[in-house]
Amino acid sequence: MRPVYERSNDRLQEQKIAELAASKWGVSLIRLAELAGADYLMVKSGELKAIVEIKNRSNPIALYPTYMISAAKISALNAVAAVIKAKPLLIVQWKDCVGWVNTAAVSVAHGTGGRADRDDPMDMERCIYIPVTQFKRLK
C-alpha cells in the first residue's frame with residue numbers, strides 16, 4: 001500500500017478554500033471521505049452541480065506557465081462527473097490567488113511528473129499540464 005501524504009493541515013487548508021468558494025458561488029460543498037478520489041460535492045438549491053478537487057500550492061501562479069496534476073486523478077474526476085452528471089472542477093489556491101477550471105473543458109499537455117523529494121518512485125507518474133491562463137480567478 002502506498003503512503004498517504006495528505007496531512008490534517010492539508011485538509012484544513014482545503015476546507016478554507018472550499019468555504020471561500022462556497023461563499024463566493026452561493027453553494028454548499030459537502031466533504032467526501034478521505035481517499036474518495038475527490039474532495040467535495042457541490043450542491044446548489046438541493047441539486048448536484050459539481051464534483052470538486054482542491055489543491056493548495058505555496059508558489060505564486062505566475063511561477064510556472066502550467067499547473068501539473070496527476071492524469072489518473074483528473075481522468076477519474078472526469079469519469080465520475082460524467083456518471084453523476086456533474087461538472088468536474090479543480091480549484092487551486094496559489095500564494096497570490098485562487099483559480100478554478102472545469103477539467104472536462106481544458107486543453108492540456110501530457111508528460112511525466114511528480115515529486116522526487118519523497119524517495120517514492122511511484123510518486124512519478126503520467127501528468128497533465130494545464131496552462132494557468134485557462135484558470136478563472138475566484139474573486
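This passage describes the sheet, the nonpolar cores and a nonpolar surface patch of a predicted model.

Six strands form an open sheet with mixed pairing, and their order across the sheet is 1-2-3-5-6-9. Strand 1 (28-31) and strand 9 are the edge strands, each of which pairs on one side only. Strand 2 (residues 40-44) and strand 3 (residues 47-56) run antiparallel and are joined by five bridges. Lys-44 stands opposite Glu-47 of strand 3.

Further along the sheet, strand 5 and strand 6 also run antiparallel, with five bridges between them. A hairpin of four residues links strand 5 to strand 6, and Ile-91 stands opposite Trp-100 in strand 6. Strand 6 (residues 98-102) also pairs with strand 9 (residues 136-137) in the antiparallel sense, here over two bridges. Within strand 6 and strand 9, Gly-99 faces Arg-137 as its opposite residue. Strand 6 is mostly covered, since four of its five residues are buried.

In soluble globular proteins, nonpolar side chains tend to be buried together. In the present model, the largest nonpolar core contains 19 residues, of which Tyr-67, Ile-69, Leu-90, Trp-94, Ile-130 and Phe-135 touch the most other members. At least two residues of this core are supplied by each of strand 4 (66-70), helix 2, strand 5 (87-93) and strand 8 (124-131). Helix 2 provides the largest share, namely four residues. The surroundings of Leu-90 illustrate how distant parts of the sequence meet: with neighbours within four places in sequence left aside, Leu-90 is in contact with Glu-53, Lys-55, Tyr-67, Ile-69, Gly-99, Trp-100, Val-101, Thr-103, Ile-130 and Phe-135. A second core, separate from the one described above, comprises 16 residues, among them Leu-29, Ile-54, Ile-91 and Trp-100. The opposed residues Ile-91 and Trp-100 are thus both included in this second core.

Nonpolar residues also occur on the surface. Leu-48, Val-80, Val-83 and Ile-84 form a nonpolar patch there, and their accessible area together is about 310 Å². Helix 2 (residues 71-84) contributes three residues, the largest share of the patch. One of the patch residues, Val-80, is found in helix 2. Val-80 is classed as partly exposed because its relative accessible area is 38%, a value that lies between the limits of 20% for buried and 50% for exposed residues. Helix 2 therefore supplies residues both to the largest nonpolar core and to the surface patch, as the case of Val-80, with its relative accessible area of 38%, shows for the patch.

Terms used
Residues numbered from 1 in each chain as written. Predicted model: local features only at pLDDT ≥ 70, side-chain atom pairs only at ≥ 80, totals over all residues. Heavy atoms only, no water. Patch = residues over 30% accessible without salt bridge, like charges linked within 9 Å, V, L, I, M, F, W, Y side chains within 5 Å. Areas by Shrake-Rupley, 256 points an atom, 1.4 Å probe, with all protein chains shown as cover. Salt bridge = Lys/Arg side-chain N within 4 Å of Asp/Glu carboxyl O. Buried < 20%, exposed > 50% of the residue type's maximum accessible area, 1.4 Å probe, protein only. Core = buried A, V, L, I, M, F, W, Y, C linked by side-chain atoms within 4.5 Å. Contact = heavy atoms within 4.5 Å. Pairing = 2+ DSSP bridges.
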